[in-house]
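This report describes selected features of a protein model, with short headings to separate the topics. Please read it alongside the sequence and the coordinates.

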Amino acid sequence: MSRSDVLVDADWVEARIGAPGTVIVEVDEDTSAYEKGHIPSAIRIDWKKDLQDPVRRDFVDKIGFEALLSDRGISNDDTVVLYGGNNNWFASYAYWYFKLYGHQNVVLLDGGRKKWELDSRELTRDVPSREKTSYTATEQDATLRALRDEVLASIGKRNLVDVRSPDEFSGRLLAPAHLPQEQSQRGGHIPTAKNVPWSKAANEDGTFKADDELTELYSDEAGVDFGKDTIAYCRIGERSAHTWFVLHEILGLPNVKNYDGSWTEYGSLVGVPIEIGDGK
Amino acid sequence: MSNDSCGAPAGGVTITKDKAVKEAIVEGHVLNAGAPVSTGYARLLGTGDEFVAEVPLGEDGGFRFFAAPGDWTLRVLAPGGVRLEQAVSADIGQITKVEFTV
């Protein structure tokens, strides 16, 4: 994987609005943003209602993912263009799902909804109707997802990249600053984790930074060893999906996993080691 | 809204009285000639321009952050190259209000 395989720009998307074989999908942190206006022909996936299991703490299983994509009119051979607000935060999370369930042709709109809006490009409130399909997903790709036991076994062995804000990393806050401070039982971070806030990978307009800037950020500044396997985590696995996208999809590092249980799971486990304080 | 997520609505999460007591809230509006600017983003930045959080502006041009106590910078981005900034201080139990005019 490299940047050109996984990112497209707004001109590219504009030229393909309504094109057969291309499905534009908005996935937003603010799930009502779509109703305020979206890229023409775009459909919506609600990261919470559509992608989370309604009972267990887990995301939709293979059958659920197949039903969702079939219902939205997405075929296995369609090129799916994902975009969303806040530096593509939740669009990256959805991208990770698509890869997890084996969808081959999926790209992110670089800059997402923010750049599209700041460029004053067209938004519409028209909701397209797409014919239902019969989508077939693969089994979950276990090479992309880390579970808690694997994370515990990785302390001191693999790169652990904590992508939350410095205040969450240190234990001063339990959630991002635009959300109420609730959640895990304890604050802090997994021992040996490097703190590279996810948003450092993005420019102010929401586009991803250049490859050499990204390499400098993770490797030179934070000390992430690109020769080792890596697990990224945040609070609930969404910001870290953005970092997973940077490391695995843009920079092409081979073994990068997203720990979607993240701090809300780890910070509530009994008996596990926790570090507090600022990054070293 | 439920907080088992990172999801925040445009304009920021609604607060209740008990929350306002426990949190250091920074909130405000972005206006253009008195009318709300609803397309745009508010960013909360820490020391050294460190990005902390961002919310899309609400229909009323509003934004809200739950910050830690201390000094922060607020930056507003909107179409047409609008980029405005103000320094603010937040403290627990206080709602710091910041207004921007485009």
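## The largest cavity

In this predicted model, strand 4 of chain B gives the largest share of the lining of the largest cavity, 3 residues. Two or more lining residues also come from each of helix 3 (33-36), helix 5 (85-100) and helix 6 (112-118) of chain A, as they do from strand 4 (51-56) of chain B. The lining has 18 residues in total, and those nearest the centre of the cavity are A:Asp28, A:Ala33, A:Arg113, B:Tyr41 and B:Pro56.

The space inside the largest cavity comes to about 130 Å³. By class, its lining is made of 6 nonpolar, 5 polar and 7 charged residues. The structure has 2 cavities of 30 Å³ or more.

## Helix 3 and A:Lys36

Helix 3 of chain A, which contributes to the lining of the largest cavity, contains A:Lys36. This lysine has a relative accessible area of 24%, so A:Lys36 is classed as partly exposed. Along the sequence, A:Lys36 and A:Thr124 are 88 residues apart, while their C-alpha atoms are 8.1 Å apart in space.

## Helix 5 and A:Tyr97

Helix 5 of chain A also supplies residues to the lining of the largest cavity, and A:Tyr97 is part of this helix. Is A:Tyr97 buried or exposed? A:Tyr97 is buried, because its relative accessibility is 0%, and the cut-off for buried is under 20%.

Apart from residues up to four places away in sequence, A:Tyr97 touches A:Leu51, A:Gln52, A:Phe59, A:Val60 and A:Phe65. A:Glu139 lies 42 residues from A:Tyr97 along the chain, and the C-alpha atoms of the two are separated by 11 Å.

## Helix 4

Which residues of helix 4 (residues 62-71) of chain A are buried? They are A:Phe65, A:Glu66, A:Leu68, A:Leu69 and A:Ser70. The buried residues of this helix pack against helix 5 of chain A. One of them, A:Phe65, is among the residues that A:Tyr97 touches. After helix 4 of chain A comes A:Gly73, which has a positive phi near 80°.

## The largest pocket

The largest pocket holds about 560 Å³ of space. It is lined by 25 residues, and the closest to its centre are A:Gln52, A:Arg56, A:Arg57, A:Asp58 and A:Phe59. Two of these names, A:Gln52 and A:Phe59, also appear among the contacts of A:Tyr97.

Helix 7 (148-154) and helix 11 (262-266) of chain A are the elements that give two or more residues to the lining of the largest pocket. The lining residues divide into 9 nonpolar, 4 polar and 12 charged.

## Helix 8: A:Glu168 and A:Ser170

A:Glu168 belongs to helix 8 of chain A, and A:Ser170 is in the helix too, whose range is residues 166-170. A:Glu168 has a relative accessible area of 1% and therefore counts as buried. A:Ser170 is also buried, because its relative accessibility is 6%.

Leaving out neighbours within four places in sequence, A:Glu168 is in contact with A:Leu173, A:Leu174, A:Ala175, A:Pro176, A:Gly188, A:Arg235 and A:Arg239. On the same basis, A:Ser170 is in contact with A:Gly188, A:Ile276, A:Gly277 and A:Asp278. A:Gly188 is thus a contact of both A:Glu168 and A:Ser170.

## Helices 9 and 10

In chain A, the axes of helix 9 (residues 211-221) and helix 10 (residues 239-250) come within 12 Å and cross at roughly 120°. The crossing of these two helices is left-handed.

On the side of helix 9 of chain A, the residues that meet helix 10 are A:Asp211, A:Leu214 and A:Tyr218. Helix 10 of chain A brings A:Thr243, A:Val246, A:Leu247 and A:Ile250 to the contact. By class, this contact has 5 nonpolar, 1 polar and 1 charged residues.

## Chain B

How many helices and strands does chain B have? There is 1 helix, and there are 8 strands. Read from the N terminus, the order of the elements is α-β-β-β-β-β-β-β-β.

Chain B has 102 residues, of which 52% count as buried. Among its contacts between residues at least 6 apart in sequence, 55% join residues at least 24 apart.

Definitions and conventions. Residues are numbered from 1 along each chain as its sequence is written. Chains are lettered from A and ligands numbered from 1 in the order in which they are written. This is a predicted model: local features need pLDDT of at least 70, side-chain atom pairs count only at pLDDT 80 or more; totals for chains, interfaces and linings use all residues. Side-chain values use heavy atoms; hydrogens and water are left out. Axes are lines fitted to C-alpha atoms, for helices over the stretch in contact, and angles run from 0 to 180 degrees between N-to-C directions. Helices (H or I, at least four residues) and strands (E, at least two) are DSSP runs, numbered from the N terminus. A crossing is left-handed if the near helix is turned anticlockwise from the far one by less than a right angle, and right-handed if clockwise. Contact means heavy atoms within 4.5 Å. Ala, Val, Leu, Ile, Met, Phe, Trp, Tyr, Cys and Pro count as nonpolar, Asp, Glu, Lys and Arg as charged, and the others, Gly among them, as polar. On a 1 Å grid over the protein atoms alone, a cavity is a set of points where a 1.4 Å probe fits but cannot get out, and a pocket is an open set with protein on both sides within 12 Å along at least five of seven lines; lining residues have an atom within 4 Å of a point. Grid points are joined across faces, edges and corners, and a volume is the space filled by probe spheres set on the points. Buried means under 20% relative accessible area, exposed over 50%, partly exposed in between (1.4 Å probe, protein chains only).
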